[in-house]
Amino acid sequence: MPRFMDVHHGMKDITADQLKQAHQADLAIEGEENVHFEKAWADPESGTVYCLSEAPSAEAVQRIHERAGHRADEVHPVPLTV
């Protein structure tokens, strides 16, 4: 299944607990779009959050994030990994 890295901006001062809650909100409904969110990272100083997922499409990733209450600003395919 394709992988995607999405980016959220404007989450300045996000805490580890808030990041975990947002990730859990995605995990709770991810199966409805056949998406699996693998990991999330955050830079509280810049307010940037990154999420790595496997999904059938970028649109499926975005739908889950929107329903969980945190729309991604960017969703990028990740066709190569090492």
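**Reading a four-stranded sheet and its loops**

Visitor: Which residue stands opposite H8 in strand 3?

Guide: V49 does. This is a predicted model: local features need pLDDT of at least 70, side-chain atom pairs count only at pLDDT 80 or more, and totals for chains, interfaces and linings use all residues. Residues are numbered from 1 along each chain as its sequence is written, and side-chain values use heavy atoms, leaving out hydrogens and water.

Visitor: How are strands and helices assigned here?

Guide: Both are DSSP runs, numbered from the N terminus: helices are H or I with at least four residues, strands are E with at least two. Two strands pair if DSSP finds at least two bridges between them. Take strand 1 (residues 3-8) and strand 3 (residues 48-54). They run antiparallel, joined by six bridges.

Visitor: In what order do the strands form the sheet?

Guide: The order is 2-3-1-4. The sheet is open, has four strands and pairs antiparallel. Strand 2 (36-43) and strand 4 sit at the edges, each pairing on one side only. From one strand to the next, the twist averages 20°.

Visitor: How should I read the angle between a helix and a strand?

Guide: Axes are lines fitted to C-alpha atoms, for helices over the stretch in contact; angles run from 0 to 180 degrees between N-to-C directions. Contact means heavy atoms within 4.5 Å. Helix 1 (residues 16-29) packs on the sheet and touches strand 2 and strand 3. Its direction makes about 160° with that of strand 2. Helix 2 (residues 58-68) also packs on the sheet, touching strand 1, strand 2, strand 3 and strand 4. Its direction makes about 45° with that of strand 1.

Visitor: What is the phi of D13, and where does D13 lie?

Guide: Phi is near 70°, a positive value in a residue other than glycine. D13 lies in the loop between strand 1 and helix 1. N34 has a positive phi too, about 60°, and is not a glycine either. Look for N34 in the loop between helix 1 and strand 2.

Visitor: Are D13 and N34 buried, partly exposed or exposed?

Guide: Use relative accessible area: buried is under 20%, exposed over 50%, partly exposed in between (1.4 Å probe, protein chains only). D13 counts as exposed because its relative accessibility is 55%. N34 has 46%, so it is partly exposed.

Visitor: Where is L80, and how far from R3?

Guide: L80 lies in the segment after strand 4 (74-77). L80 and R3 are 77 residues apart in sequence. In space they are 8.9 Å apart, C-alpha to C-alpha. L80 has 75% relative accessibility, so it counts as exposed.
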